[in-house]
Amino acid sequence: MARYRGPVVKLMRREGLNLFLKNSHTLHKEKSSLEKRKYPPGLPPKKKGKITEYGAQLREKQKVKRAYGVLEKQFRRYFEEAAHTPGIPGENLLQFLERRLDNVLYRMGFAVTRRQARNFVAHRHILVNGHRVDICSYRVNVGDKIEIREKFQKSPFIEENIKLAQAINRTASWVSVDYTKFSGEVTSLPTREHIDIPVKEQVIVELYSK
């Protein structure tokens, strides 16, 4: 699948906020351009233009797509499924994205970014209920057990990530993690309150409903 491989700080500058695409500690040390230049990539605009309704809707969609690392075709499929699932379409959409395996690894603290988590999954370092899974979009369910493959447990990446996760205590409340066993479990489905990205999901629904 195609994947954006350019500078992630550019994406965050375009949306005007931290989308957690980069290790927060690295971002801070670099005194990121996200703080230095509070305007979109490219030449500074001569004057601030008026944002249209469509423009506002597009920005909300791009914000979510970039945060979770999905492209347009896949994002549309998520929306269509969310729209046909009982409940509120916008909240269904966010829940489906949260339940991606790469995001769950990130929420458990085994990866510092979703992009790094995708790398771990793609290289077959992750087990789900005892079976190796290499599909980043694999959707977890309540009761699923996520484990780091034994050969990868001694990786410096995993050791550093666990230390950082324990230091800042950023594990999501809808998962439980046992860092001594390099494993975690999905204890409940994520809800709207668990989404840490400031997004107006109803605006995205309006965009696709036209």
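**Arg99, two cores and a covered helix**

Guide: In this predicted model, Arg99 is buried yet has no salt bridge, and the nearest side chain of opposite charge, Asp144, is 7.1 Å away.

Visitor: Why is Arg99 said to have no salt bridge?

Guide: A salt bridge requires a side-chain nitrogen of Lys or Arg within 4 Å of a carboxyl oxygen of Asp or Glu. The nearest side chain of opposite charge to Arg99, Asp144, is 7.1 Å away, so the pair does not meet the 4 Å limit.

Visitor: Where is Arg99 found, and what makes its pairing with Asn141 a polar contact?

Guide: Arg99 is in the loop between helix H6 (89-98) and H7. The two side chains, of Arg99 and Asn141, are 2.7 Å apart in this contact; the limit is 3.5 Å for a pair of N or O atoms, therefore the pair qualifies.

Visitor: Which residues does Arg99 touch, leaving aside those up to four places away in sequence?

Guide: Arg99 touches Val104, Tyr138, Arg139, Val140, Asn141, Leu189 and Pro190.

Visitor: What makes the largest nonpolar core a core, and how many residues has it?

Guide: The term applies because its members are buried residues of the nonpolar kinds, joined through side-chain atoms within 4.5 Å. The largest such set has 26 residues, and those with the most contacts inside it are Leu101, Leu105, Ile126, Ile146 and Ile148. At least two core residues come from each of helix H7 (101-108), helix H8 (114-122), strand E1 (126-128), strand E3 (145-148) and helix H9 (156-168). H7 gives the most, with 4 residues.

Visitor: Which residues does Leu105 touch, not counting those up to four places away in sequence?

Guide: Leu105 touches Phe110, Ala111, Ala117, Phe120, Val121, Ile126, Ile146 and Ile148. A second, separate core has 18 residues, including Ala67, Leu93, Leu94 and Leu97.

Visitor: Why is helix H10 called mostly covered?

Guide: H10 spans residues 201-208, and 6 of its 8 residues are buried; each of those 6 is therefore under 20% relative accessible area. They are Glu201, Val203, Ile204, Val205, Leu207 and Tyr208. These buried residues pack against helix H4 (53-68), helix H5 (72-83) and H6.

Visitor: What describes the protein chain as a whole, in helices and strands and in burial?

Guide: The chain has 10 helices and 5 strands, and 46% of its 210 residues count as buried. It exposes about 12000 Å², of which carbon and sulfur atoms supply 53%. Among contacts with a separation of 6 or more, 61% are between residues 24 or more positions apart.

Technical notes
Residues are numbered from 1 along each chain as its sequence is written. This is a predicted model: local features need pLDDT of at least 70, side-chain atom pairs count only at pLDDT 80 or more; totals for chains, interfaces and linings use all residues. Side-chain values use heavy atoms; hydrogens and water are left out. Buried means under 20% relative accessible area, exposed over 50%, partly exposed in between (1.4 Å probe, protein chains only). Contact means heavy atoms within 4.5 Å. Accessible areas come from the Shrake-Rupley method with a 1.4 Å probe; for residues, only the protein chains shown count as cover. Lys and Arg count as positive and Asp and Glu as negative; His and the chain ends are not counted. A polar contact is a pair of N or O atoms within 3.5 Å; within protein, one must be able to donate a hydrogen and the other to accept it, and residues adjacent in sequence count only if both atoms are side-chain atoms.
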